Amino acid sequence: MEIAVLVKPVPDAETRLRPDASGQELDPEGVKWVAAGYDESAIEQALLLRESAPGTTVRAFSYGPIARAEEVLRSAIALGCDAATSVEAPPGTPPDGLAVARALGLAVARHPASLVLCGKQAGDDESGIVGPAVAELLGLPDFGVAVNVRWEGGIERLSIQRSVEGGLEGVRVTLPALVSLQQAWNDPRTAKLPNILKSRKAPIERIPVADVAAAIAPSASLLARRVAFRLPPPRTGAKMIEYSSPDDAAQKLVRILREEAKVFP
Amino acid sequence: MSGVVVVLERVPGGIASVCGEAAGAARALAGGGPVVGLLVGPGDSTAATELAVDKVLTADGPEFEHPSTAQLGALAAAAADAAPATTILFPGTARGRDGVGRTAIRWGASAATSVTEVTRDESGSLHVRRPVFGGRATEELELPGPRHVLSLKPHAFPLPPARSPPASSEPLAIPDSPKSSRPVEVTGFTPTAGGKGPELGDASIVVSGGRGLRSPENFGLVEELAESLGAAVGASRAVTDAGWRPGSYQVGQTGRAVSPQLYIALGISGAIQHIVGMVSSRVIVAVNSDPHAPIFQVADYGIVGDALQIVPALTREVRKARGL
Ligand SMILES: Cc1cc2nc3c(=O)[nH]c(=O)nc-3n(C[C@H](O)[C@H](O)[C@H](O)COP(=O)(O)OP(=O)(O)OC[C@H]3O[C@@H](n4cnc5c(N)ncnc54)[C@H](O)[C@@H]3O)c2cc1C
């Protein structure tokens, strides 16, 4: 049983966002690259499934500039993944999910897996395009926004719960399949120091960049070009409502919502 | 002329409201071309024909009751060829959004999700704006034509009025399904615990409470205010971690991201992990007893005071103003 996990390097949560000199990209100066939050959930989920299906191997895949991709793959290995494949982004490729999907699709096809796991979206561009696009390329069904994934009577099927509008939907998944995670309130495990040290020397397979470029080519004319990366105008702080009593405060707020902000139902 | 297909998602009692918004946005994009709704799944089509569309195509076989992303993609591409259309809009719902990447690959289109602004230039490219980093920044993308697959961010576009008379509807000629196109095998549904009123991700008003409410019983004040406004109820992680309300209420980095027209934060300090889940709301109101609470930095309107006194007064005033 092989499980593939797709892991995207994203700026860590503490990053101070600012545009670079071109105004088109996040300034990468000083940014620390970490695995996207929902992708960490996918790693955690893969490791939990492996625990109850002996003989399973978990391989992590990451696409991006090679240093970033291998940084997050080492953290995936430190957490317990068995193997890792880095997929180098051809320099100058626009940061478009379709390109990422074609590149990862190529890599996963070289290590066929019964189950492909990923996060429902990454915390930087929040696109959610890659997972379903990889599924299309690999001819797999895809199931999104899963919050709970368990084997159902063996390793042929999974029972998952999906966080959809209005509640949790239970779904039976027959493998092979791709499942994207939205595990919101399960804290993923953290790596132990000896494993972190060992992961520094772990082998990481590399897909040659020429192969990656060839895989992306069919979508080359369709890739989105980022023309601006902007910060919102700084919020200047709240307009404070002065009042003489709770009722007075309530009346003033309702008037403002109705007449000034125009958001009163 | 560049027609648009709007994929319509059924919800109990009608069509997801984001689909109506998409129909309105589609009109501006279509440039005189047809705006065609695609209604998937068995059931009544009346609500769909009252949206701002020219025509509704239906795929109402029992095999589409729980459509897979692959089925949706195949149907959407077939509907676009029939319309004819060069743009497909998927609903910005949990399930709908997954159609974007798959359909873009299948249909040979460029793609973007959670779009808040979109225009078409003479060359046929779309220019879109969308929030990134939890609404802490925005990006602008140029999507080359001629084909595009998008989803729109909920509530970023106005809901056009219902159309009258209703649009006509006719069955879509169903394409041969690809092998991966089995329907989803749904085994059950558990409604969000205690959730009355609209769904958090879909609501145009969200009222959230934090530890400042002091007890699970007092949190009922938040729910009463929400009910008076027809709003969804949210919470900080302090509330869900303490078990006052279930985890599904949590707004923030590790909970739900919301962007309603109005977000009211009651007794919430405004930790960065909470802020990233609500900062892209259009108007933010905060009530907090501490004038230095960080929530006031991101709020548009602030009231310094005891939530236990302000909130009941506000509920009374809202009820009065709405004639409830
Ligand atoms: C990795 C990580 C992820 C996290 N993810 C999330 C997340 O997704 N969502 C989230 O919300 N948090 C998240 N947190 C937690 C976050 O850091 C804060 O701890 C949490 O948001 C605080 O909740 P609170 O504002 O309700 O409580 P507190 O910080 O305790 O604030 C309570 C506020 O109520 C005010 N107050 C007290 N009494 C009253 C009164 N009578 N009337 C009015 N105001 C009153 C106080 O002045 C204070 O500002 C995360 C933390 C970490 C480390």
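1. The crossing of helix H4 of chain A and helix H4 of chain B is right-handed. This description, like every other in this note, refers to a predicted model. The two helices comprise residues 130-138 in chain A and residues 99-107 in chain B. Their axes lie 6 Å apart and form an angle of about 40°.

2. A general remark may help in reading these values. The packing of two helices is described by the angle between their axes together with the distance between those axes. Angles under 35 degrees count as roughly parallel, and those from 65 to 115 as roughly perpendicular. H4(A) and H4(B) are therefore oblique to each other.

3. The ligand should be examined next. What is the number of residues that surround the ligand? There are 25 of them, and the closest are B:Arg211, B:Ser236, B:Thr254, B:Ser269 and B:Asn288. By character, the shell divides into 15 polar residues, five nonpolar residues and five charged residues.

4. Individual contacts to oxygen atoms of the ligand can be located in chain B. In B:Ser236, one of the closest residues, a polar side-chain atom lies 2.5 Å from a ligand oxygen. The side chain of B:Gln250 places an N or O atom 2.8 Å from an oxygen atom of the ligand. For B:Gly255, the contact involves the backbone: one of its polar backbone atoms is 3.4 Å from a ligand oxygen.

5. The extent of burial deserves a separate point. Taken alone, the ligand exposes 980 Å², of which the protein buries 75%. Which elements give two or more residues to the shell around the ligand? They are helix H6 (237-241) and helix H7 (272-275), both of chain B.

6. Each chain offers a cis peptide bond for inspection. In chain A, such a bond joins A:Leu175 and A:Pro176, with omega about 5°. A:Pro176 belongs to the loop between strand E9 (167-174) and strand E10 (177-181) of that chain. In chain B, the bond from B:Ser164 to B:Pro165 is cis, and its omega is near 0°. The loop that contains B:Pro165 runs between strand E11 (148-152) and strand E12 (168-171) of chain B.

7. A final point concerns the backbone of A:Val145. Is the phi of A:Val145 positive or negative? The angle is positive, at about 45°, although A:Val145 is not a glycine. This residue lies in strand E7 of chain A, which covers residues 142-151.

Methods. Residues numbered from 1 in each chain as written. Chains lettered and ligands numbered in written order. Predicted model: local features only at pLDDT ≥ 70, side-chain atom pairs only at ≥ 80, totals over all residues. Heavy atoms only, no water. Near = heavy atom within 4 Å. Polar contact = N/O pair within 3.5 Å; in protein donor to acceptor, adjacent residues only side chain to side chain. Areas by Shrake-Rupley, 256 points an atom, 1.4 Å probe, with all protein chains shown as cover. Helix = DSSP H or I, 4+ residues; strand = E, 2+ residues; numbered from the N terminus. Nonpolar A, V, L, I, M, F, W, Y, C, P; charged D, E, K, R; others polar. Axes fitted to C-alpha atoms, helices over the stretch in contact; angles between N-to-C directions. Parallel < 35°, antiparallel > 145°, perpendicular 65-115°, else oblique. Left-handed = near helix turned anticlockwise from the far one by under 90°.
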